[in-house]
Amino acid sequence: MKQNTFIVANWKMNLNFNSANDLIKSFKDKINKRKTNIITIICPQFLLIPQISDYFENENLNFFLGSQDIHHETSGAFTGDSSVELVKEFGCKYSIIGHSERRKNHFEDDSIIKKKIILAIKYSLIPILCVGESFEDRKNKNYLDVIYSQLKNSIPSDLKSIIVAYEPIWSIGTGLTPNNNQIEEVAAHINNFFIHNNIQNFNILYGGSLNSENYNEIFKLENINGGLIGGASVKKEQFIKILSNFYLD
Ligand code: PGA
């Protein structure tokens, strides 16, 4: 039996002060009427975090703020980056770490990602680690090895609690999704990694072209505990449609 379902909204570099407020207001009333054990986490770009942090003050609502990244050092000469301390100060409880857009556009490798996870844990932020294969890896049938090595090289051995999002790179923003067997194969593989490494407190999410039409089937898969939603999380109708399954009107 699944304990919790996580809905993580990765807003990426979208929305402004007005549209972010408008979006949250449109579903905020639902949040205190949970039907099931649902944890909703909103991850806006950094400058929106202070602006919307008031919405997340009541922790009993299982409605949390997350960041899309943290730097791997606490402070220093890192022009353009944002620190974990400020992310915490403005009420974030979670942080996405190692998203494929960070890996690709900011050259983040597993050793940097591991440092970020260690720092997140030190500051009591729950990491949402993204892993996933490229189209090439899938075509060459070495995707399970790629994902295993991402997990092995970025997860510290003494880790207590983590969320891993399986996000095939070829599925992000493309409208393509793996079929249920393909998702379940990778999720079971991630599950085995944790069992073998004696890490008990973990949740596995799926991410990549989730929308209001396909999320329900995917969330029912045995080893999947929810999703990391990009494009559909900034479209009001889509996101409300997804939430409606878990919250009363
Ligand atoms: P998408 O993005 O839902 O737009 O495919 C998911 C993600 O990148 O986290």
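Biologist: The shell around the ligand divides into two nonpolar, eight polar and two charged residues. Which class does Gly fall into?

Modeller: Ala, Val, Leu, Ile, Met, Phe, Trp, Tyr, Cys and Pro count as nonpolar, Asp, Glu, Lys and Arg as charged, and the others, Gly among them, as polar. This is a predicted model, in which local features need pLDDT of at least 70, side-chain atom pairs count only at pLDDT 80 or more, and totals for chains, interfaces and linings use all residues. Residues are numbered from 1 along each chain as its sequence is written, and side-chain values use heavy atoms, without hydrogens and water.

Biologist: Which residues surround the ligand?

Modeller: Asn10, Lys12, His99, Glu167, Ser171, Ile172, Gly173, Gly208, Ser209, Leu228, Gly230 and Gly231 surround it; each counts as near because one of its heavy atoms lies within 4 Å of the ligand.

Biologist: What makes the approach of Lys12 to the ligand a polar contact?

Modeller: A side-chain N or O atom of Lys12 is 2.6 Å from an oxygen atom of the ligand. The limit for a pair of N or O atoms is 3.5 Å, so the pair qualifies. Backbone atoms also take part: a polar one of Gly230 is 2.9 Å from a ligand oxygen, and an N or O of Gly231 is 2.8 Å from one. Of the 280 Å² that the ligand exposes when taken alone, the protein buries 95% (Shrake-Rupley method, 1.4 Å probe).

Biologist: Which pocket does the ligand sit in?

Modeller: The second largest. To sit there, more than half of the ligand's atoms must lie within 2 Å of the pocket's grid points. That pocket has a volume of about 290 Å³. Its lining has 20 residues, with Gly173, Ser209, Leu210, Gly231 and Ala232 nearest its centre; they divide into five nonpolar, 12 polar and three charged.

Biologist: What is the volume of the largest pocket, and what lines it?

Modeller: Its volume is about 420 Å³. The lining has 15 residues, and Lys12, Met13, Gln68, Arg102 and His106 lie nearest the centre. Five are nonpolar, six polar and four charged. Helix α4 (residues 100-105) gives the most to this lining, three residues.

Technical notes. A polar contact is a pair of N or O atoms within 3.5 Å; within protein, one must be able to donate a hydrogen and the other to accept it, and residues adjacent in sequence count only if both atoms are side-chain atoms. On a 1 Å grid over the protein atoms alone, a cavity is a set of points where a 1.4 Å probe fits but cannot get out, and a pocket is an open set with protein on both sides within 12 Å along at least five of seven lines; lining residues have an atom within 4 Å of a point. Grid points are joined across faces, edges and corners, and a volume is the space filled by probe spheres set on the points. Helices (H or I, at least four residues) and strands (E, at least two) are DSSP runs, numbered from the N terminus.
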